[in-house]
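Subject: A structure to look at, with notes

Dear colleague,

Please find below the structure I promised to pass on to you. My notes follow it, and I have tried to explain each term where it comes up.

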Amino acid sequence: MPREGAAAQVQSVARALAVLKAFSGGEAFVPLTELARRTGMHKPTVLRLARTLAADGFLVQRADGAWRLGPSAGAIGSRYQAQFDVNIIIEPQLMELSAATGESASFHVYEDNIRSCLLRCEGPRGIRRHVRPGELLPLERGSAGRVILAALGEGGAVYDRIRREGYSITRGERSAGAASVSAAVHGAQRAVLGSVSISGPIERLTQELLQACAPAVVRAAAQLSWKLGGVSVAALRSTWHP
């Protein structure tokens, strides 16, 4: 009997969280019918959960019955942002990627038509000082910028291929002596946060070797996208300004 009660409590929490996560952020209020559709639960169940959440300020109901997130939800988000440290999230992932490939790994952020290396982990065989943190670089030169443009919807055969394959490889495009492979990283609401990449000397990083490293880069980008899933572009950019 206690085990059944514990299971019911966990299920209730999971359902309440599903209601909170049903708000995409793109609308002010969401009707009860739509919340039921998004959560896959019956309207009476959603209504009961919504009223419980509203009692603690996590939801607010409008006169016509529609719902929005309440101040308590905002307070939780603010506390998360206050304790969020980009280095704690990104740096270990770059170290893991560098160890797996033997090359230097970088995380790039962007604004308008430029990008910059926010964090970098030098590999044992990398090109020292090839990319300097804070250096401003064009988005359209190099794989780290091209995957960002592709994720943002840039048109053209090159970007169609990047979207199809999930990564970009360039050799000697931005710097004559360097080659790289990159994948885009997403945050809240699938917004494009930037890109993760590995790079090294063009003599060693052949097309074949870059292709072999691409899956590791794509996995790192997916892990970062998951870990940064609650982070907005504005929050990440607050750590860097061009």
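Which residue in β4 is the bridge partner of Ala-105? It is Cys-121 that pairs with Ala-105 from β4, and this pair belongs to a set of 7 bridges that join strand β3 (residues 104–111) to strand β4 (residues 114–121), the two running antiparallel.

Before going further, please keep in mind that this is a predicted model, in which local features need pLDDT of at least 70 and side-chain atom pairs count only at pLDDT 80 or more, while totals for chains, interfaces and linings use all residues. Residues are numbered from 1 along each chain as its sequence is written, and side-chain values use heavy atoms, with hydrogens and water left out. Helices (H or I, at least four residues) and strands (E, at least two) are DSSP runs numbered from the N terminus, and two strands pair if DSSP finds at least two bridges between them.

The sheet

The strands β5-β4-β3-β8-β7-β6, in that order, form an open sheet of 6 strands with antiparallel pairing. Because β5 (136–138) and β6 stand at the edges with a single partner strand each, one side of each is left without a neighbour in the sheet. At the β6 edge, 4 bridges join β6 to strand β7 (residues 178–186), which run antiparallel, and Arg-171 stands opposite Ala-179 in β7. Along β6 (residues 168–171) the side chains alternate, with Ser-168 and Thr-170 buried on one face, whereas Ile-169 and Arg-171 point to the other and are not buried; here buried means under 20% relative accessible area, exposed over 50%, and partly exposed in between (1.4 Å probe, protein chains only).

The loop between β3 and β4 holds Asp-112, whose phi is near 55°, a positive value in a residue other than glycine. Most residues other than glycine have a negative phi. Asp-112 counts as exposed, because its relative accessibility is 67%.

A buried serine

Ser-98 has its place in helix α5 and is buried, with a relative accessible area of 4%. Leaving aside residues up to four places away in sequence, Ser-98 touches several residues, among them Glu-103, Ala-105 and Cys-121, where contact means heavy atoms within 4.5 Å.

Salt bridges

The structure holds 7 salt bridges, a salt bridge being a side-chain nitrogen of Lys or Arg within 4 Å of a carboxyl oxygen of Asp or Glu. In one of them, the side chains of Arg-37 and Glu-34 meet at 2.6 Å, N to O, and in another those of Arg-38 and Glu-34 meet at 2.8 Å, N to O, so that Glu-34, Arg-37 and Arg-38 are linked in a network. Because Arg-37 and Glu-34 are 3 residues apart in helix α2, about one helical turn separates them. Arg-37 is exposed at a relative accessible area of 58%, whereas Arg-38 is partly exposed at 33%.

A further salt bridge brings together the side chains of Arg-204 and Glu-103 (2.5 Å, N to O). Arg-204 lies in the loop between β8 and α8 (207–227) and Glu-103 in the loop between α5 and β3, so the pair ties together parts that are 101 residues apart in sequence. Arg-204 counts as partly exposed at 26% relative accessibility, while Glu-103 counts as buried at 1%.

With best wishes
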